[in-house]
Amino acid sequence: MNLAMRLREGTKHAHTAAENTAFMKCFLKGIVEREPFRKLTADLYFVYQALEDAMDEYAHHPEVSKVYFPALRRVPKLAADLAYYYGDDWRHQIQASPKGVAYVDRIQTVAEENPALLIAHAYVRYMGDLSGGQSLRHIARSAMSLPPDRGTGLHEFDAFPTVESRRAFKMTYRDALNAVEVDEATAQAIVDEANLAFQMNRDVFHEMEDDVRAAIGDHVFDLITRQDKPGSTDRAPGRSAVELIAAEA
């Protein structure tokens, strides 16, 4: 069972759709506004908190244990990001958006009803952070003129500080996925859940679009977002536009 390949091939269309949200089109053009970015960071803090709590709870689960890597933990990095954007009392200032709440609820439901599906959520989040997330980090740093050590901790991995170390770990992660022993029905359920995770990401992005539009104006927003761009379904097999940018960085 090549679960890694099934996930990669089975989520191509969902990956491309995520890249073609208006929020992400603007982001890839270097339009990164502080307010929607910090709101997104807050949403992701709640999402990762739910995911990592669940992964910890099922660290010895037969399937989940294969992809349990504490070195990937993002919550401490996101907490540092939020302290930068909101100040020391950030915990009292943030709340999840409605779509962020739905995302969290789904992870918690999966953990209670079918923990093997946590594999899908971990795959979508962490592989994205290690791949295209690296180019998004560079774009955000440039667009918002961030200081060297602040604001983009989500995509900074102390255990994998170089391109080579991240590439090597992604191979390790894919091997771990392929070591998961599941039947056909469970494998397909994991792929389906990964597609749902991409949809939930898109939903969160959509909630940020009004803030971006307000910041840059209707005309510029419409110019940037009117045309879809090729993504993982139209480029090299399994490679999305964001991943290709990251590979070239």
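In this predicted model, glutamate 209 makes contact with Thr21, Ala22, Phe23 and Phe221, once its neighbours within four places in sequence are set aside. The residue belongs to helix 10, which spans residues 184–216. Its relative accessible area is 13%, so glutamate 209 is classed as buried. One of its contacts illustrates how the fold joins separate parts of the sequence: glutamate 209 and threonine 21 stand 188 residues apart along the chain, yet their C-alpha atoms are 8.9 Å apart in space.

Helix 10 also takes part in a salt bridge. The side chains of glutamate 184 and arginine 6 meet with an N to O distance of 2.8 Å. Because glutamate 184 lies in helix 10 and arginine 6 in helix 1 (residues 3–10), this pair ties together parts that are 178 residues apart in sequence. Glutamate 184 has 47% relative accessibility and therefore counts as partly exposed; arginine 6, at 23%, likewise counts as partly exposed.

This pair belongs to a wider set, as a search of the whole structure finds ten salt bridges. In general, side chains of opposite charge can pair when their charged atoms come close. Another example joins aspartate 56 and arginine 73, whose side chains meet at 3.1 Å, N to O. Aspartate 56 is in helix 4 (residues 34–57) and arginine 73 in the loop between helix 4 and helix 5 (75–86), so the bridge links parts that are 17 residues apart in sequence. Aspartate 56 is partly exposed, with a relative accessible area of 33%, and arginine 73 is partly exposed at 28%.

A further salt bridge, at 3.4 Å from N to O, is formed by the side chains of aspartate 218 and arginine 213. These two residues are linked with Asp222 in a network of salt bridges. Aspartate 218 has a relative accessible area of 47% and is partly exposed; arginine 213 is also partly exposed, at 27%.

Arginine 166 presents a contrasting case. This residue is placed in helix 9 (residues 163–178). Arginine 166 is buried yet has no salt bridge, and the nearest side chain of opposite charge, that of glutamate 164, is 7.3 Å away. A salt bridge requires a separation within 4 Å, so that distance does not qualify. Apart from residues up to four places away in sequence, arginine 166 touches Leu130, Gln134, Phe160 and Pro161.

Leu130 and Gln134 also appear where helix 7 meets helix 8. There, Gly128, Asp129 and Leu130 of helix 7 contact Gly132, Gly133 and Gln134 of helix 8. By class, this contact has one nonpolar, four polar and one charged residues. Helix 7 (residues 118–130) and helix 8 (residues 132–143) pack at an angle of about 55 degrees, with their axes 3 Å apart. The two helices are therefore oblique to each other.

Within this contact, glycine 133 of helix 8 has a relative accessible area of 3% and is therefore buried. Leaving out residues up to four places away in sequence, glycine 133 touches Gly128 and His155. Glycine 133 and alanine 197 are 64 residues apart in sequence, and their C-alpha atoms are 16 Å apart in space.

Beyond helix 8, serine 145 occupies the loop between helix 8 and helix 9. Although serine 145 is not a glycine, its phi is positive, at about 50 degrees. With 63% relative accessibility, serine 145 counts as exposed.

Terms used. Residues are numbered from 1 along each chain as its sequence is written. This is a predicted model: local features need pLDDT of at least 70, side-chain atom pairs count only at pLDDT 80 or more; totals for chains, interfaces and linings use all residues. Side-chain values use heavy atoms; hydrogens and water are left out. Axes are lines fitted to C-alpha atoms, for helices over the stretch in contact, and angles run from 0 to 180 degrees between N-to-C directions. Helices (H or I, at least four residues) and strands (E, at least two) are DSSP runs, numbered from the N terminus. Angles under 35 degrees count as roughly parallel, over 145 as roughly antiparallel, 65 to 115 as roughly perpendicular and the rest as oblique. Contact means heavy atoms within 4.5 Å. Ala, Val, Leu, Ile, Met, Phe, Trp, Tyr, Cys and Pro count as nonpolar, Asp, Glu, Lys and Arg as charged, and the others, Gly among them, as polar. Buried means under 20% relative accessible area, exposed over 50%, partly exposed in between (1.4 Å probe, protein chains only). Lys and Arg count as positive and Asp and Glu as negative; His and the chain ends are not counted.
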